Amino acid sequence: MAVTMPREIFQDKDNLNQRYHRKRALYLAHIAQHLSKQRLFGSVKFAYMNSNHLKPILLLRPQGKDEKMVTVRLHACPAPGLFKLSRFYPSKNNIRTAWFVEQSTPKEGATEPPTPHYNNSIVCDTMLLSHLQFLSSAATDFPGMKDGVALLKVWLNQRQLSKGLGCFSGFLVSMLVAYLLMKRKIVKMMSGYQVLRSTLQFLATTDLSVTGISLVKDVDPSLPVLDDFQQAFEVVFVDPSGLVNLCADMTASKYHQVQFEARYSMEILDDRMVDGFQALLMTAKPMLRAFDHVFHLKHVSKLQGACRKMELLNDLMDRGGNYVAAALPFIVSLLVRGLSGRALLVVHSLPQIPEWPIDAEPPKHKDVGPLTFGLLFYPDFAASVLEKGPQADHPEALDFRTFWGEKSELRRFQDGSIREAVVWEANTAYQKRLIPEQIVRHLLKLHADIPESSICYMGALLESVVRTGKEASGTGEEAMISVVRSYDDLSRKLWHLKELPLMVTSVQGVHPALRYTDVFPPIPMKPIYSFHTQIKTKHLLLPSEEKPCPAYITPLKMICHMEGSGQWPQDKDAIKRIKAAFHLQLAELLQQQHQLVCRPAVTHTDVYKDGYVFRLQVAYHREPLILKEVVTPEGMLKYQDTEESRQLELEIQHMPYVTSSLHGLQQQHPVFGSACRLAKRWVSAQLLSDSISEECVDLLVAFLFLHPAPFTPPRSPQVGFLRFLDLLATFDWKNNPLIVNLNAGLTDADCTEIKSKFAAARSHLPVMFIATPKDRWSSMWTQERPSAQILQRLTVLASESLRALEEQLMDPLKTQDVKMVFRPPLDFYDVLIYLNPNQIPRHLESVDQPVKSFSRGVVKNSTAEKILFPVVDYDPVQCYLRELRDAFSDLALFFYDKHGGEVIAVLWKPLSFQPQPFKASNMKGRMVTTLNDKLVCVPNVEAILEDFEVLGEGLVKSVEARTEKWSI
């Protein structure tokens, strides 16, 4: 609602030195005082229009329950014809320097700088009515405009672009649609969806920060031309009067963000595999999940110093002293230049000032809170260590040196050229991902005097949970690469083995480390003999009873396919024996031809190489088929799935397929592995790693990289992890299958077919259904687990963790203990079994580094040739858990964090606590009592707890019963 101020309160030169703005504010304050005494209103408050502190407005809300529903905004505007409009052209000055810096007399001969933003803010008020008339004439007989603008407003809202100083507001978008109508890019016949598409198309292809647009119909030679606006403002969109720039406060960076989002949204709308409506309009894109790295400038007041350092007095005058608005465009352009080859987009949050009661002090500039910046990276060069500059004798070299300061140095390159260059310190993949942080801190300190303590960089805070050891500088990517290298070498040796009766046709890795997704990759180890019991005759080592449990050495499983031959037997037991013979022969030949220490067994052969232990399992491609053979009573042979055949198919066909597909995905997206590891570490920290398979979590994370819409694929592990939590918390498992299109093996029609078959057979399918190109109907990775209750629990934990994390990462003024979401709530469980740390082999992997660690009887070394074979795959806690589950699975569920957890949590099954009739078969773990004169069996809880201790003697420290649920 616009209130016209009477002409009498203004004088001749009120366009100068903020006089108009101050009178306008006084006028509104008078109205506010008058209205606050009326009983009509529930609240009367002040706010700034789009957070521009020169333009307060009044917010009126009715009393009672309607207060939240309706807000009337009062804008004050001058009477028409009050000012001579030519005084407000963008090249004119209306603020005198002497007045602004409070000098009594102006300097002689000094020219006054133009004040385009100030001028714009006054002219804007005079045009309120004409803008309204212009828009309503555009919208008459055009129902599609109303729908289209509503869709565009939702689109902008979901991307956090529509509120704050310099936002792309709803009004701006309506004017843009009117502009397209005027230029006949839109016609009045169009539907809302067509208006949305045409507007996004226009935004995607037009850069208003390079060539502005204007709504002026007839060219008037006296009006300022587009070039005048282009010189004064970063983004230009002139209104019908030819005097107002509607995008005056917008920075070029913000417009580039709108442009990028529009371009990407058009791609999503054209992609048949994506539900465009859901992605574009129903999914919020908060900065933390949309950008790869986010950092905060936590003390905005430091920008005052930046304005001094960058000599922005003229901009400060123009912006009425608002140092945030004056410095922001310069800060962003500085960062854009510094990150030019690395970041595709550098964006900033919009400064927003909250409303305030009329009797309170108005907020100051620093009350906008921390400013947040987001970086979106190019996949290839974001982590490059070198910044190559111009040749030393070129004139640009001086500019390069001034920009980078002392970091710039002369270097000679391989092609013989001598150039300026900047080299950043970084050795591991983790440090290289943080090179942008070094650049940001260096440039802001050098050019804007912003101290490092004011910058809170949130790029990789979470990655510390997948790092073992205090001194480790990386997060395990290098260890993973060395495992894969060793594996490739072993594969080559297997292919070229001489004297084998059948050739090895292919070798396929199955272990998560071979697809880069093992939470803690194996480290080369060599056992210390004195720490173990030795069996010399068999060249073996055993754990010693007196010493702590030896370090956990994981066997890296690989499948060796042997070539087909008519000599293979057709009987399943005979095949097993032949395979055992192959295992023996492989061990013998690897020892003879390559001097590798091997230990053969019936089902596999373990090979010790480069300090790792590889577990070779021989496979014969027809074996699953032979296991399916069943002879009917009539003597007919038929094939049907058996538990054994399913298990074998999983091991020798599906596991290698998933591992190689995800290995390929890691080559395309270098942070895929690290994102998986964070996700698995979180699932394990919530004690749920036994309730959901590793492959299942890997596929969920792969989904985020293959189908990221409306986001771009993650380029930092932390963003991948946040989106993983969001996927768990929001995906509708009940009504939708999750389709992971590995290697683009599914077409549009396939996806439709999977969805329709899924809907038809929903009741028979697992609660969590994941379809891949090789596994469309059975969702084999989620068949047994998770159960409905576990999935429900995962969803609740994910949404809580996401909320807590986003709160922490968006509030730089508090201390960031991001490990909080990796500490499970234990008050939910009935019994806690505390373990003895020296018998936990992976104790060092726990989320909070243990204060005291034990020597585990290994040294990190990989050059040993002749050694006694180390203890492989020995984790006492897992053995104990297996025993507990075998004995008590009908009474309780057991939960444990396999990465160094010190507690096993137990949950009683409610059904097993109902009294059972007294029978000999019902007596396991129960005792007899009488209930209503009948003999019944109830669980004997005290004895069961005692059994827990007896079973885990030496491993269990104490058993704590938390609840009284068992009182019948």
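User: In this predicted model, what share of the contacts in the protein chain with a separation of 6 or more comes from residues 24 or more positions apart?

Analyst: We're looking at a predicted model here. Take the contacts in the protein chain with a separation of 6 or more, and pick out those between residues 24 or more positions apart. Their share is 70%.

User: How many of the residues count as buried, as a percentage?

Analyst: The protein chain has 968 residues, and its secondary structure comes to 28 helices and 34 strands. To count as buried, a residue has to be under 20% relative accessible area. On that cut-off, the buried share of the chain is 53%.

User: What part of the exposed area of the protein chain do carbon and sulfur atoms supply?

Analyst: The C-alpha atoms fill a box of roughly 105 × 90 × 60 Å along the principal axes. The chain exposes about 45200 Å². Of that area, carbon and sulfur atoms supply 53%.

User: How far apart are the mean positions of the positive and negative charges?

Analyst: The protein chain carries 109 positive and 105 negative charges. Take the mean position of each set, and the two are apart by 3 Å.

User: Which strands stand at the edges of the open sheet with the order 29-30-27-34, and why is one side of each left without a neighbour?

Analyst: This open sheet has 4 strands with antiparallel pairing. Its twist averages 20 degrees from one strand to the next. Each edge strand has a single partner strand, so one side of it has no neighbour in the sheet. Those edge strands are strand 29 (892-896) and strand 34 (956-961).

User: Which residue in strand 34 is the bridge partner of Leu835?

Analyst: Strand 27 (residues 831-835) and strand 34 run antiparallel, joined by 5 bridges. Leu835 has its bridge partner in strand 34, and that residue is Val956.

User: What angle does the direction of helix 28 make with that of strand 34?

Analyst: Two helices are worth a look here. Helix 27 (residues 876-888) lies across strand 27, strand 29, strand 30 (903-908) and strand 34, running at about 170 degrees to strand 29. Helix 28 (residues 941-951) packs on the sheet too, touching strand 27, strand 29, strand 30 and strand 34. Its direction relative to strand 34 comes out at about 160 degrees.

User: Is Gly925 buried, partly exposed or exposed?

Analyst: Gly925 is in the loop between strand 31 (916-917) and strand 32 (926-931). Beyond its neighbours within four places in sequence, Gly925 is in contact with Pro939, Asn940 and Ile944. Buried means under 20% and exposed means over 50%. Gly925 has 29% relative accessibility, so it counts as partly exposed.

Note on methods
Residues numbered from 1 in each chain as written. Predicted model: local features only at pLDDT ≥ 70, side-chain atom pairs only at ≥ 80, totals over all residues. Heavy atoms only, no water. Buried < 20%, exposed > 50% of the residue type's maximum accessible area, 1.4 Å probe, protein only. Contact = heavy atoms within 4.5 Å. Areas by Shrake-Rupley, 256 points an atom, 1.4 Å probe, with all protein chains shown as cover. Lys, Arg positive; Asp, Glu negative; His and termini not counted. Charge placed at Lys NZ, Arg CZ, Asp CG, Glu CD. Pairing = 2+ DSSP bridges. Axes fitted to C-alpha atoms, helices over the stretch in contact; angles between N-to-C directions.
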